[in-house]
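Student: Let us go through this model by question and answer. Please give the cut-off for each term when it comes up.

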Amino acid sequence: TSSEVFITSSYKAGHVGSDCSYILQTSIAACKSDEERETDFLKLSLFSRFGKGGTMGTECIHKMAKKCNQWILEAILNCSFRYFRPNFVLVDYPNYQGLAEWSIVQLAEKVNMARTEMVWGSNHEDRY
């Protein structure tokens, strides 16, 4: 049998600037597109690429990651058009949380636990 899977991605290699806030606009656009097209999965790509940061594009990727990773929580919270979205969050240097309160690993755990409670209720631990 043959089947297709459709994924919407927010990736856009934009200029990072001083804070990388452009990824919020690309994420919202992807979330709205995912809602309209009802794709199977939504991927938020919260990073840029080498050559898009610093003077003449010479900023190192790990320095850009510190700027971009601070927006992870806000990007996820802004993506509330469909349940259980986004499905994937891609970042450079996940251990660089920048000014964010939580790392991507901690945030993913919190989001996944909240989704578990939505499905199973608050006593989901009794089901194992």
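Student: Which cysteine holds the closest cysteine sulfur to that of Cys-60, and why is there no bond?

Tutor: This is a predicted model, in which local features need pLDDT of at least 70 and side-chain atom pairs count only at pLDDT 80 or more, while totals for chains, interfaces and linings use all residues. Residues are numbered from 1 along each chain as its sequence is written, and side-chain values use heavy atoms, with hydrogens and water left out. A disulfide is a pair of cysteine sulfur atoms within 2.5 Å. The sulfur of Cys-60 is 14 Å from the closest one, too far for a bond, and that closest sulfur belongs to Cys-68.

Student: Is Cys-60 buried or partly exposed?

Tutor: Buried means under 20% relative accessible area, exposed over 50%, and partly exposed in between, with a 1.4 Å probe and protein chains only. The relative accessibility of Cys-60 is 37%, so this residue counts as partly exposed.

Student: What is the handedness of the disulfide between Cys-20 and Cys-68?

Tutor: A search of the whole structure finds two disulfides. In one of them, Cys-20 is joined to Cys-68 with an S to S distance of 2.0 Å. The torsion about the S-S bond of Cys-20 and Cys-68 is about 80°, so this disulfide is right-handed.

Student: How many residues apart are Cys-20 and Cys-68, which form a disulfide?

Tutor: The disulfide runs from Cys-20 to Cys-68. Cys-20 is in the loop between strand 1 (7-9) and helix 1 (22-37), Cys-68 is in helix 2 (residues 61-68), and the link between these distant parts of the chain spans 48 residues. Helices (H or I, at least four residues) and strands (E, at least two) are DSSP runs, numbered from the N terminus. Cys-20 is buried at a relative accessible area of 0%, Cys-68 is buried at 2%, and their separation in the chain is 48 residues.

Student: What pattern do the disulfides follow, with bonded cysteines counted along the chain?

Tutor: Cys-31 and Cys-79 also form a disulfide, with their sulfur atoms 2.0 Å apart. Cys-31 lies in helix 1 and Cys-79 in the loop between helix 3 (72-77) and strand 3 (88-90), 48 residues apart. The link is left-handed, with -115° about the S-S bond of Cys-31 and Cys-79, and both Cys-31 and Cys-79 are buried. Counting bonded cysteines along the chain, the pattern is 1-3, 2-4.

Student: Which residues are linked with Asp-34 in a network of salt bridges?

Tutor: A salt bridge is a side-chain nitrogen of Lys or Arg within 4 Å of a carboxyl oxygen of Asp or Glu, and the structure holds three. Asp-34 pairs with Arg-82, the closest N and O atoms being 3.2 Å apart; Asp-34 lies in helix 1 and Arg-82 in the loop between helix 3 and strand 3, so the bridge ties together parts 48 residues apart in sequence. Asp-34 also meets Arg-85 at 2.9 Å, N to O, a link between parts 51 residues apart. The residues linked with Asp-34 in the network are therefore Arg-82 and Arg-85.

Student: Which residue meets Lys-67 in a salt bridge?

Tutor: The N to O distance in this bridge of Lys-67 is 2.9 Å. The partner is buried at 13% relative accessibility, and that partner is Glu-59.

Student: Which helix gives the most residues to the largest nonpolar core?

Tutor: A nonpolar core is a set of buried Ala, Val, Leu, Ile, Met, Phe, Trp, Tyr and Cys residues joined through side-chain atoms within 4.5 Å. Of the 20 residues in the largest one, those that touch the most other members are Cys-20, Ile-23, Leu-42, Leu-44, Leu-46 and Ile-72. Helix 1, strand 2 (41-45), helix 2, helix 3 and helix 4 (104-120) each supply at least two residues. With five residues, the element that gives the most is helix 1.

Student: Which residues are in contact with Ile-72, leaving aside neighbours within four places in sequence?

Tutor: Contact means heavy atoms within 4.5 Å. With those neighbours left aside, the residues touching Ile-72 are Leu-46, Val-89, Val-91, Ile-104 and Leu-107.
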